[in-house]
Amino acid sequence: MTNLLLRPLFDDSRKSFWHIILGVWVSVAVYAVLHDLYIVRIFPEHFTEYHTNPLHIENPYLLSSLWAFGASFTPGISMGLALFLAARAGKYPKISPSFIIRGSIAAVIITEVLSVLSGLSVFITEEPLYPGMLYPEKTVPAMVAQTIQLTAYLIGAVSCAVLIYIVSYKRKNARSPL
């Protein structure tokens, strides 16, 4: 019964669904691992002291990569699902999965550039960018790494919302299916 109710809403192949969901998640997962691999070089304690280590991994690079990979599931799948709905559900012309994947890659690049710039500003000024209570310690490496992380979360959410808006706008103003 539920399948019959949802069919007119989606009217889409499972292939497009999984292409978008997994494509967005993979872009987020790759970004998260690469991002944390340089964060661990700036401030290894971010992962060795301020994250739990249930598997007792001693290599901070492996530990950061596993944390990043695991942490990519919720935002990656959520972003993929939201973008799938924005791009394919309803009556408007559908947006291609490749447009969505390229958009998610652009979003993670923008997120990372702004995150690095925020960390660079903390490195130069040696002052925290966010309220002091958000920093585990007041050393420059700790403040740089935490600023980059906080900015990545903030800009990541904003860039996802902007991408959803762009996709919705593009669909509503399209004259033919893409």
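# Briefing: an all-helix chain

Val113 sits in helix α6, which covers residues 97-125. The model shown here is predicted. Its chain has seven helices and zero strands. Two nonpolar cores and a nonpolar surface patch are described below, along with a few single residues.

**Overall layout**

- Along the sequence, the elements follow the pattern α-α-α-α-α-α-α.
- The C-alpha atoms fill a box of roughly 55 × 35 × 25 Å along the principal axes.
- The chain has 178 residues, and 38% of them count as buried.
- Among contacts with a separation of 6 or more, 73% join residues 24 or more positions apart.
- The chain exposes about 10,400 Å². Carbon and sulfur atoms supply 70% of that area.

**Helix α6 and its surface patch**

- Does the span of α6 agree or disagree with its residue count? It agrees: the 29 residues should span 42 Å at 1.5 Å a residue, and the end C-alpha atoms are 42 Å apart.
- A nonpolar patch of about 840 Å² lies on the surface. Its members are Ile105, Ile109, Ile110, Val113, Leu114, Leu117, Leu120, Phe123 and Ile124.
- Val113 counts as partly exposed because its relative accessibility is 45%, and partly exposed means between 20% and 50%.
- Ile124 also has its place in helix α6. Ile124 counts as exposed because its relative accessibility is 61%, and the cut-off for exposed is over 50%.
- An α-helix has 3.6 residues a turn, so residues three or four places apart point the same way.
- Ile124 and Val140 are 16 residues apart along the chain. Their C-alpha atoms are separated by 9.4 Å.

**The nonpolar cores**

- The largest nonpolar core has 19 residues. Val24, Met79, Leu83, Ile100 and Val167 touch the most other members.
- Which helices each supply at least two residues of this core? They are α2 (14-42), α5 (73-88), α6 and α7 (140-172).
- Apart from this core lies another one, of 13 residues. Among them are Phe43, Tyr135, Val144 and Ile148.
- In soluble globular proteins, nonpolar side chains tend to be buried together.
- Leu83 is in contact with Ile20, Val24, Ile100, Leu163, Ile164 and Val167, leaving aside neighbours within four places in sequence.

**Helix α4 and Ser64**

- Helix α4 covers residues 60-71 and contains Ser64.
- With twelve residues, α4 reaches 16 Å from its first C-alpha to its last. That is close to the 16 Å expected at 1.5 Å a residue.
- Leu63, Ser64, Ser65 and Ala68 are buried in α4.
- What covers the buried residues of α4? The cover includes α2 and α3 (45-48).
- Ser64 counts as buried because its relative accessibility is 0%, and buried means under 20%.
- Leaving aside neighbours within four places in sequence, Ser64 is in contact with Asp36, Leu37, Val40 and Phe47.

**Ser16 and a long-range pair**

- Ser16 has its place in helix α2.
- Is Ser16 buried or exposed? Ser16 counts as buried because its relative accessibility is 12%.
- Ser16 and Arg88 are 72 residues apart in sequence. Their C-alpha atoms are 8.8 Å apart in space.
- Beyond neighbours within four places in sequence, Ser16 is in contact with Phe84, Arg88 and Pro97.

**Positive phi in two loop residues**

- His56 lies in the loop between α3 and α4.
- His56 is not a glycine, yet its phi is positive, at about 55 degrees.
- His56 is exposed, because its relative accessible area is 67%.
- Which residue with a positive phi follows α6? It is Glu126, with a phi near 60 degrees.
- Glu126 is likewise a residue other than glycine. Glu126 lies in the loop between α6 and α7.
- Glu126 is partly exposed, because its relative accessible area is 49%.

Note on methods
Residues are numbered from 1 along each chain as its sequence is written. This is a predicted model: local features need pLDDT of at least 70, side-chain atom pairs count only at pLDDT 80 or more; totals for chains, interfaces and linings use all residues. Side-chain values use heavy atoms; hydrogens and water are left out. Patches are made of residues with over 30% relative accessible area and no salt bridge: like charges are joined within 9 Å, nonpolar side chains (Val, Leu, Ile, Met, Phe, Trp, Tyr) within 5 Å. Accessible areas come from the Shrake-Rupley method with a 1.4 Å probe; for residues, only the protein chains shown count as cover. A salt bridge is a side-chain nitrogen of Lys or Arg within 4 Å of a carboxyl oxygen of Asp or Glu. Helices (H or I, at least four residues) and strands (E, at least two) are DSSP runs, numbered from the N terminus. Buried means under 20% relative accessible area, exposed over 50%, partly exposed in between (1.4 Å probe, protein chains only). A nonpolar core is a set of buried Ala, Val, Leu, Ile, Met, Phe, Trp, Tyr and Cys residues joined through side-chain atoms within 4.5 Å. Contact means heavy atoms within 4.5 Å. The expected span of a helix is 1.5 Å times one less than its number of residues.
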